[in-house]
Amino acid sequence: MKVVLDWDGTVTEIDGLHLVLEQFGDPRVYDRAERILGRGATLHEVIALEFRSVRAPLADVVGWVLENVRVRAGFARFARRHRPLVVSSGFHELIEPVLAREGVELEVRANRLDPDPDGWEVVFRSEAACAVCGQPCKRADVAGLGSFVYAGDGHSDRCVALAAARVFARDGLARYLASLGVPFEELTDFDAFHRALAEGGSVPPRAPKRRR
């Protein structure tokens, strides 16, 4: 069964996009954007707004990311064993240097950057609305995979996680799935993730709770 991984906060120990915005962006813009996510603003709108506040040269940001963004324990071993697909709301320009640092080559489906010195522009890989959630989301990235295992941690992982046969979750995604009564397994590190997959089995499906 294909394994699909979110990147920021899932492969990485801390959300690298947040770290970049804290270091190179405007914290006031970031705080405002996070408050309006899901309250009139889509994830794409929020990401575009946040990264317009970044004006540093891309090479400087990549260098900083390589020094400061760490992957979760066991990731390189896991990647070589399972060859997961990475689907991210982040950027090829910030993901692929970290994969290279770790000595791993994987297929990555992510967005692109136009690092304009007047404010970075985000080039989204798709603006097509999902038939399930009504917004551009990661379900399009897994179309045609058949049954898959998904691991994620946040808002961008919600819709695609509901399409997975088995979900490993942490942080916001774990809280979201729990609120719906959707089963998941805790994501801690990639050695434990590998053991769970090697042991086989899956969490039995359960219908989401109905909201009143």
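**Reasoning from values to terms in a predicted model**

Mentor: In this predicted model, Asp15 caps the N-terminal end of helix 1, with a side-chain oxygen 2.9 Å from the backbone nitrogen of Leu17.

Trainee: What makes the approach of the side chain of Asp15 to the backbone nitrogen of Leu17 a polar contact?

Mentor: The side chain of Asp15 reaches that nitrogen at 2.9 Å. A polar contact requires a pair of N or O atoms within 3.5 Å, and therefore the pair at 2.9 Å qualifies. Asp15 itself is placed in the loop between strand 1 (2–5) and helix 1 (16–24).

Trainee: How do you know that Asp15 has no salt bridge?

Mentor: The nearest side chain of opposite charge, Lys138, is 9.2 Å away. A salt bridge needs the nitrogen and the carboxyl oxygen within 4 Å, so Asp15, although buried, has none.

Trainee: Which partner does Lys138 have in a salt bridge, and what makes the pair count as one?

Mentor: Lys138 meets Asp157, at 2.8 Å from N to O. Because the limit is 4 Å, this pair is a salt bridge. Asp157 lies in the loop between strand 5 (148–152) and helix 8 (158–161), and Lys138 in the loop between strand 4 (121–123) and helix 7 (139–142), so the pair ties together parts 19 residues apart in sequence. Both Asp157 and Lys138 are buried.

Trainee: Why is Arg170 called buried, and why is Asp171 called partly exposed?

Mentor: Arg170 has 19% relative accessibility. Buried means under 20%, so Arg170 counts as buried. Asp171 has 40%; partly exposed covers the range between buried and exposed, which is over 50%, and therefore Asp171 is partly exposed. The side chains of these two residues, Asp171 and Arg170, meet in a salt bridge at 3.6 Å, N to O.

Trainee: Why is Glu102 called partly exposed?

Mentor: Glu102 has 23% relative accessibility. The buried class ends under 20%, so Glu102 counts as partly exposed. Glu102 forms a salt bridge with Arg101, their closest N and O atoms being 2.9 Å apart.

Trainee: How is the packing of helix 5 and helix 10 described?

Mentor: Two packed helices are described by the angle between their axes and the distance between the axes. Helix 5 (residues 75–82) and helix 10 (residues 190–199) pack at an angle of about 30°, with axes 8 Å apart. The residues of this contact divide into five nonpolar, two polar and three charged.

Methods
Residues are numbered from 1 along each chain as its sequence is written. This is a predicted model: local features need pLDDT of at least 70, side-chain atom pairs count only at pLDDT 80 or more; totals for chains, interfaces and linings use all residues. Side-chain values use heavy atoms; hydrogens and water are left out. Helices (H or I, at least four residues) and strands (E, at least two) are DSSP runs, numbered from the N terminus. Buried means under 20% relative accessible area, exposed over 50%, partly exposed in between (1.4 Å probe, protein chains only). Lys and Arg count as positive and Asp and Glu as negative; His and the chain ends are not counted. A polar contact is a pair of N or O atoms within 3.5 Å; within protein, one must be able to donate a hydrogen and the other to accept it, and residues adjacent in sequence count only if both atoms are side-chain atoms. Axes are lines fitted to C-alpha atoms, for helices over the stretch in contact, and angles run from 0 to 180 degrees between N-to-C directions. Ala, Val, Leu, Ile, Met, Phe, Trp, Tyr, Cys and Pro count as nonpolar, Asp, Glu, Lys and Arg as charged, and the others, Gly among them, as polar.
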